[in-house]
Amino acid sequence: MILPDGRKRLLSQEKKAVIVSDSNREMRTDQQTLIVESNTIKTRETEYYTINIPYGAEYNLVLSDGSKIYLNAGSTLRYPDQFIGDKREVFLTGEAYFEVHADEKRPFVVEVGDLSVTAK
């Protein structure tokens with residue numbers, strides 16, 4: 001995982017661990033799943049994180065809106081710690097399966113190279 005400041009963190013597939021925790025957000029792991037929670041009460045600038053899945057591995061992600069992403073080996077996902085504005089947008093390289101939390105007012109957009117996929 002690459003933090004917004006460029007630092008890298010290795011995510012464990014077995015242990016529970018807190019990756020980021022402050023008054024604005026918390027990211028923690030639990031058995032091959034990264035769980036992102038955000039304090040949406042405070043207005044602040046969104047920060048982007050990148051998760052790289054090595055070959056031979058898989059990892060899951062639960063975003064702050066409740067959407068679930070299952071990332072396949074060799075995939076990379078860039079995602080925000082919170083969704084602000086009129087759309088929820090992530091950037092994917094590789095393969096992933098999405099279970100998008102429904103929100104008709106803020107569509108979920110996956111950018112994959114020159115392709116953009118939208119779910120409402």
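The exercises below, each with a worked solution, deal with strands, salt bridges, backbone angles and a pocket in one predicted model.

Residues are numbered from 1 along each chain as its sequence is written, and side-chain values use heavy atoms, with hydrogens and water left out. In this predicted model, local features need pLDDT of at least 70 and side-chain atom pairs count only at pLDDT 80 or more, whereas totals for chains, interfaces and linings use all residues.

**Exercise 1. The open sheet**

Determine the strand order of the open sheet of six strands, and state which strands stand at its edges.

Solution. Begin with the strands themselves, which are DSSP runs (E, at least two residues; helices are H or I runs of at least four) numbered from the N terminus. Two strands pair if DSSP finds at least two bridges between them. On this basis the order is β1-β2-β3-β5-β6-β9, and the pairing is mixed. Next, look for strands with a single partner: these are β1 (17-21) and β9 (96-99), so one side of each has no neighbour in the sheet. The average turn between neighbouring strands of this sheet, direction ignored, is 15 degrees, where axes are lines fitted to C-alpha atoms (for helices over the stretch in contact) and angles run from 0 to 180 degrees between N-to-C directions. Finally, examine the edge at β1, which runs antiparallel to β2 (residues 25-29) and is joined to that strand by four bridges; within this pairing, valine 18 has arginine 28 of β2 as its bridge partner.

**Exercise 2. Salt bridges**

How many salt bridges does the structure hold, and which residues are joined into one network by salt bridges that share partners?

Solution. The criterion is a side-chain nitrogen of Lys or Arg within 4 Å of a carboxyl oxygen of Asp or Glu, and the structure holds six such salt bridges. One of them links arginine 106 to aspartate 103, with the closest N and O atoms 3.1 Å apart. Shared partners join Glu26, Arg28 and Glu37 into one network. Within that network, the side chains of arginine 28 and glutamate 37 meet at 3.2 Å, N to O.

To describe the surroundings, use relative accessible area (buried under 20%, exposed over 50%, partly exposed in between, with a 1.4 Å probe and protein chains only). Arginine 28 has a value of 26% and glutamate 37 one of 39%, so arginine 28 is partly exposed, and glutamate 37 is partly exposed as well. A further salt bridge, between lysine 87 and glutamate 89, spans 3.8 Å, N to O; here lysine 87 is partly exposed at 36%, whereas glutamate 89 is buried at 17%.

**Exercise 3. From β7 to β11**

Trace the pairings from β7 through β8 and β10 to β11, giving the sense of each.

Solution. First, β7 (residues 76-80) and β8 (residues 88-93) pair antiparallel over three bridges, with arginine 78 opposite phenylalanine 91. Second, β8 is joined to β10 (residues 108-112) by four bridges, and these strands run parallel; arginine 88 has phenylalanine 108 as its bridge partner, while glutamate 89 stands opposite valine 109. Third, five bridges join β10 to β11 (residues 115-119) in an antiparallel arrangement, in which valine 109 has threonine 118 as its bridge partner. As for its surroundings, β10 has four of its five residues buried, so this strand is largely enclosed by the rest of the structure.

**Exercise 4. Positive phi**

Where are glutamine 31 and glutamine 32 found, and what are their phi values?

Solution. Most residues other than glycine have a negative phi. Glutamine 31, although not a glycine, has a positive phi of about 50 degrees, and phi of glutamine 32 is also positive, near 65 degrees. Glutamine 31 is found in the loop between β2 and β3 (33-38), as is glutamine 32. Their accessibilities are 58% for glutamine 31, which counts as exposed, and 28% for glutamine 32, which counts as partly exposed. A glycine with positive phi is glycine 113, near 60 degrees, in the hairpin of β10 and β11, which has two residues between the strands.

**Exercise 5. The largest pocket**

Which residues lie closest to the centre of the largest pocket?

Solution. The largest pocket holds about 220 Å³ of space. Of its 14 lining residues, Met1, Leu10, Leu11, Asn52 and Pro54 are the closest to its centre. A pocket here is an open set of points on a 1 Å grid over the protein atoms alone, where a 1.4 Å probe fits, with protein on both sides within 12 Å along at least five of seven lines, and lining residues have an atom within 4 Å of a point.

Methods
Grid points are joined across faces, edges and corners, and a volume is the space filled by probe spheres set on the points.
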